[in-house]
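Here are some short exercises to work through with the model open beside you. Try each task before you read its solution.

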Amino acid sequence: MTTYSSPKSQLSALFQAAVTQVAPDLAVTVELERPKQASHGDFACNVAMQLAKPLKRNPRELAQAILDALPASDLVARTEIAGPGFINVVLHASAWQSLAAQVLKAGDAYGCGDMGKGEKIQVEFVSANPTGPLHVGHGRGAAFGASLANVLALGGYQVHREYYVNDAGRQMDILALSTWLRYLELCNEFVPFPGNAYQGGYVRTMAESIFALHGDRYKRAAGEVLARVPDAATDPEGHLDGLISNAKALLGPDYAYVHGAALEEQLGDCRNDLTEFGVTFDTWFSEKTLHESGLIDRAVEALRKQGHLYEQDGALWFRSTAFGDEKDRVVRRDNGIYTYFAADIAYHLNKFERGFARVIDVWGADHHGYIPRVKGALTAAGQDADRLMVALVQFAVLYRNGQKASMSTRAGEYVTLRDLRAEVGNDAARFFYVLRKSDQHLDFDLDLAKSQSNDNPVYYIQYAHARISSVLSAWDGNVEDLLDANTTLLSQPQELTLLRRLAEYPEVIAAAGREFSPHLLAYYLKDLAADLHGLYVACKFIVDDEELKQARLLLIAATRQVLRHGLAALGVSAPEKM
RNA sequence: GCCCCCGUAGCUCAGUGGAUAGAGCAUCCCCCUCCUAAGGGGAGGGUCACACGUUCGAUUCGUGUCGGGGGCGCCA
């Protein structure tokens, strides 16, 4: 990778040296900020004001002392002390001008950093129950998780993307039962379909394909299915559980077939959906394997040995209150079945055992209360729970005709991710999802997304890319030949603005990863596109002056590189033409 | 009751321990003989919910109040 030292980091080093000289006994890290006002220079430093108190000196006087100690450099054009003690710095234009060729030379390495130092890090996201199509809420987790994983990878982490498949447990049993009951209808055996079973049309579709493949092989009498089952009206959950246990008893080994067929179908659908959405995973981790491999037994046994478990009311409890949780949690129910929590303890221990220095879970915000117990269990098992970081993603609430739309999977009345993608397109959906901070509620107005799809900000950015491509193809030359262009000719305000913006890109990538905030990248790309459009209107690129032409083409070629790179990190395409 | 998120322009939302708080949309006024007008320039629009505290400095940090949204299972 091309080593590249930005104007900011170079200047920062100069200031650090000066401060060390002025205040050798104080460990101060110099912070440089980009002033909001252009008249305050390229960078402003507030270190004099920070040092004023501990050194008991006047901040403006201190600022002068720092400036006197600043090593000589051809980077700095001029400095000034302003206001209460700011040091404002203007760099020579050459500091920015040389950037264009550097970006192009570095190519896809430009923007990458070494913040992660090659550390192995896992991002687990989506992990939706495979009990039906992904809906728009899952879409947000997918877009966020994928973009986060991308910016972390660019930031120098070795990123592993994982989907946790909840293929064990009651929800899957309910799906298998729902499918079977629809199948029985095809066999003319009618069991009243429970209101709390999965209502979606996809369940009928699965039943039909089983019927098409196997005829009435799995047919059982409705009366047997309903035998000794609690009344649906007075005990709906008990009714459902009764049906499930009857299904298991009546089908015997065939139950596993129905269960497995439903799982395969839904998981495959989910995988295709995500792949089309540009979201892929290194591992699809099966919850069932945790049960079958004895990992859960082992995890529970480890906790028991350490004295963190106790029995009460026939169930086995984890004393999570000892680790800051508000109440203790059951790991094994009185019916002998492990809870989801028990599986999750084993799963997280397994993640740690796989050698990830850090593990990021992307969860829906409704799981926030779940964090203390998982971290508590990890601590109890002797692990460093701080290696687990949870990124909570608030709900994407769907609005249709100004009304909040229900997103209940069981009720089957929700908009799927697939529908959304078909309506607004993958690019707009990916971009729209990460245009909000993840911990902020996202109101997804379907009608607006549909009616205004052409006004979506994603097109504004893509248009900038297409415009550049259009110019470069009109020029019909080789971009590599531009690397030696005389960039000192880039002196228009719009050109310098664009160059400064390009310089920010590596910082934006780093911040987006560090703060789990891919939206910073989305906003940056909007700004970058705006700068490009501003330049486009102000300057002509293919001009008679050969030197100027080369310099300008170099600048926009570098801009295109960053646009393309940033859009790719967000999973958005960069079209050559629009 | 406890926990989480939010309160910034008419609307949707960024942003920041610093100097005169931004963008898009909407409204109004301008700019294509020219590499894509899906663009650009300009105008109007603000008690950064409120109070107190920390700080040289608070819209930003802390506490509290008010208001909006969401979550709190031997479900997963």
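The exercises below cover confidence, backbone angles, the RNA surface, strands and a helix.

This is a predicted model, in which local features need pLDDT of at least 70, side-chain atom pairs count only at pLDDT 80 or more, and totals for chains, interfaces and linings use all residues. Residues are numbered from 1 along each chain as its sequence is written, while chains are lettered from A and ligands numbered from 1 in the order in which they are written.

**Exercise 1. Find the average pLDDT of chain A.**

Start with the term: pLDDT is the predictor's confidence in each residue, from 0 to 100. For chain A the average is 92, and 96% of the residues score at least 70. Then add the scores for the model, ipTM 0.96 and pTM 0.94.

**Exercise 2. Decide whether Asp313 is buried or exposed, and do likewise for Phe516.**

Step one is the background: most residues other than glycine have a negative phi. Asp313 has a positive phi of about 55° although it is not a glycine, and Phe516 has one of about 50°.

Step two is to place them. Asp313 sits in the loop between strand S8 (309-312) and strand S9 (315-318); Phe516 sits in the loop between helix H20 (493-514) and helix H21 (519-538). Helices (H or I, at least four residues) and strands (E, at least two) are DSSP runs, numbered from the N terminus.

Step three is to count neighbours. A residue is buried if 20 or more other C-beta atoms lie within 10 Å of its own, exposed if 12 or fewer, and partly exposed in between, with C-beta atoms placed from the backbone. Asp313 has 8 such neighbours, so it is exposed. Phe516 has 22, so it is buried.

**Exercise 3. Find which element gives the most residues to the surface near RNA strand B.**

First, a residue is near the strand if its C-beta atom, placed from the backbone, lies within 6 Å of it. There are 67 residues around RNA strand B, and Ala44, Gly169, Asp313, Ala466 and Ser470 come nearest. Next, the elements that give two or more residues include helix H2 (47-55), helix H7 (170-186) and helix H19 (457-475). H19 gives the most, with eight residues.

**Exercise 4. Work out which strands stand at the edges of the five-stranded open sheet.**

Begin with the order, S7-S6-S5-S11-S12, with parallel pairing; two strands pair if DSSP finds at least two bridges between them. Strand S7 (283-286) and strand S12 (388-393) each have a single partner strand, so these two stand at the edges. Now check one pair: strand S6 (residues 158-165) and S7 are joined in the parallel sense over four bridges, and Glu162 stands opposite Thr283 in S7.

For contrast, strand S3 (residues 76-82) and S4 pair in the antiparallel sense over six bridges. These two form a hairpin with three residues between them, and Gly83 in the turn has a positive phi of about 55°.

**Exercise 5. Check the span of helix H22 against its number of residues.**

The expected span is 1.5 Å times one less than the number of residues. With 24 residues, H22 (residues 546-569) should span 34 Å, and its end C-alpha atoms are 35 Å apart, which agrees. Finally, 18 of the 24 residues are buried, so H22 is largely enclosed by the rest of the structure. Just after H22 comes Gly571, with a positive phi of about 75°.
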